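Biologist: I am new to this structure and would like to learn how to read it. Please take me through a few features in turn.

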Amino acid sequence: MNKSEILKGLPTPCYVIDEEALIHNLKILRSVERQTGCHVLLAQKAFSSYCTYPLISDYISGTTASGLYEARLAYEHMRNRQIHVFSPAYKDEDFDQLLKICDHIIFNSFSQWRHFRSKALRCPEVEFGLRINPEYSEIETDIYNPCFENSRLGITIDNFEEDQLNGISGLHFHTMCEQGAETLVRTLHRVEEKFGKYLYNMKWLNFGGGHHITKPDYNIRLLVDEIRRVKEKYGVEVYIEPGEAVAINAGFLVSRVLDITKNGMDIAIMDTSAACHMPDVLEMPYRPYIFNSEEPGVLPYTYRLGCPTCLAGDVIGDYSFRKPLKINDALIFTDMAIYTMVKNNTFNGMPLPSIYLLHSDGNIELIRKFGYEDFKNRI
Ligand SMILES: *Cc1c(COP(=O)(O)O)cnc(C)c1O
């Protein structure tokens with residue numbers, strides 16, 4: 001059976017993690033580590049499917065977390081690898097636990113650093129860093145741009161307290177989203193212009209995430225050259241923490257047609273919801289790709305794919321197909337591993353899709369199935 005036949009036979013809705021595609025991405029990331037001596041960390045916020053953490057830890061240096069829960073997940077399932085954490089602010093009780101399980105803890109302000117410094121300095125095995133804001137980002141959507149006006153993320157050069165660096169071993173910036181190495185070059189230029197003089201005294205620089213490294217047209221050569229240049233110039237270790245690039249194109253969402261109706265055009269009601277199961281479709285927004293489909297009007301049969309919630313805007317988009325859709329037909333949405341399982345919700349009492357892992361040998365494994373209790377326990 002080929003992949004799409006296996007997927008179409010599964011109970012829907014379900015996410016399917018594609019191990020073969022994940023390994024493809026991990027090999028590229030490992031080659032960047034090997035060519036440069038840098039460290040690649042999985043940003044768990046994009047993809048936290050810990051059933052794959054043992055596999056991921058075979059290829060890259062570790063993970064980064066947005067807070068205690070993600071750090072703990074990495075500690076439990078990727079134990080032999082580095083765990084970094086960044087949060088806009090830490091709670092006292094969380095910080096004590098983070099000190100026990102993290103290798104790097106990154107602060108968002110000098111006031112957080114001062115608040116935790118005495119505790120921090122009692123843990124010489126943990127390294128501490130500061131997130132800087134170079135006030136340069138090429139992200140055009142404000143909700144994804146950490147450098148928009150009055151952003152809370154990172155310390156700007158005007159607020160940088162150079163007399164407070166005792167105990168700080170690295171700097172961190174995160175200003176990119178789905179971007180190429182050319183954007184990184186321009187960003188580093190600003191980072192170095194503003195913060196370069198401090199970098200000579202640091203042990204490491206973390207380039208954040210948003211590097212689209214595993215996309216076919218990504219300029220890996222340029223990334224490798226930049227990492228080598230920064231390492232040599234400042235004598236620092238370099239970390240990058242992609243989320244998307246680790247699991248891009250490494251998963252599917254399989255859904256079935258529940259009904260077909262008409263209002264000015266043909267409308268198919270699916271058993272999956274954009275709002276609940278792939279919220280970035282509405283938030284970014286973007287149009288997910290579906291196997292064997294085209295833009296509306298390209299193939300003979302065009303449908304608006306709508307969802308079973310009562311939110312009027314819960315619509316995936318308009319797609320055309322070679323044959324008319326029938327009730328129970330399965331459609332396969334691609335690139336559904338990232339920012340889906342970590343973001344889904346049970347709005348409208350929608351069931352959560354099951355999660356399967358399609359192993360590289362073709363075996364399909366049910367990882368998790370959800371039910372009524374999962375809805376009820378969140379309320
Ligand atoms: C979101 C985020 C990442 C990962 O970003 P991707 O776009 O998924 O690569 C890395 N670091 C930080 C601090 C982030 O907020």
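Modeller: We will go through disulfides, a pocket and salt bridges. Keep in mind that this is a predicted model.

Biologist: How many disulfides are there?

Modeller: A disulfide needs two cysteine sulfur atoms within 2.5 Å. By this rule there are zero disulfides.

Biologist: Why is there no bond at cysteine 147?

Modeller: The closest cysteine sulfur belongs to cysteine 177 and lies 12 Å away, which is too far for a bond. Cysteine 147 itself is buried, with 16% relative accessible area. Cysteine 307 is also without a partner, because the closest cysteine sulfur, in cysteine 276, is 8.4 Å away. Cysteine 307 is buried too, at 9% relative accessibility.

Biologist: Next, pockets. How is empty space found?

Modeller: A probe the size of a water molecule is rolled over the atoms, and this shows where empty space is left. Take the second largest pocket, with a volume of about 740 Å³.

Biologist: Which residues lie nearest the centre of the second largest pocket?

Modeller: Ser48, Tyr50, Met341, Val342 and Arg368 do, out of 22 lining residues. The lining has eleven nonpolar, four polar and seven charged residues. Helix H4 (68-77) and strand S16 (364-368) each supply at least two lining residues, and H4 gives the most, with five.

Biologist: Where does this pocket lie with respect to the domains?

Modeller: It lies between domain 1 (3-16 + 251-336 + 344-378) and domain 2 (37-247), because both give residues to its lining.

Biologist: How many salt bridges does the structure hold?

Modeller: The structure holds 19 salt bridges. In one of them, arginine 114 pairs with glutamate 161, and the closest N and O atoms are 2.5 Å apart. This pair links distant parts of the chain, 47 residues apart: arginine 114 is in helix H6 (residues 110-121), and glutamate 161 is in the loop between strand S6 (127-131) and strand S7 (170-172).

Biologist: Are these two residues buried or exposed?

Modeller: Neither word fits: arginine 114 is partly exposed at 38% relative accessible area, and glutamate 161 is partly exposed at 27%.

Biologist: What does the salt bridge between aspartate 318 and arginine 304 tie together?

Modeller: The side chains of aspartate 318 and arginine 304 meet at 2.7 Å, N to O. Aspartate 318 lies in strand S13 (residues 315-321) and arginine 304 in strand S12 (residues 301-306), so the pair ties together parts 14 residues apart in sequence. Aspartate 318 counts as buried at 18% relative accessibility, while arginine 304 counts as partly exposed at 33%. Elsewhere, salt bridges that share partners join Glu192, Glu226, Arg229 and Lys233 into one network.

Notes:
Residues numbered from 1 in each chain as written. Predicted model: local features only at pLDDT ≥ 70, side-chain atom pairs only at ≥ 80, totals over all residues. Heavy atoms only, no water. Buried < 20%, exposed > 50% of the residue type's maximum accessible area, 1.4 Å probe, protein only. 1 Å grid on protein atoms, 1.4 Å probe; cavity = no way out; pocket = protein on both sides within 12 Å on 5 of 7 lines; lining within 4 Å. Points joined across faces, edges and corners; volume = space filled by probe spheres on them. Helix = DSSP H or I, 4+ residues; strand = E, 2+ residues; numbered from the N terminus. Nonpolar A, V, L, I, M, F, W, Y, C, P; charged D, E, K, R; others polar. Domains from an automatic or database assignment. Salt bridge = Lys/Arg side-chain N within 4 Å of Asp/Glu carboxyl O.
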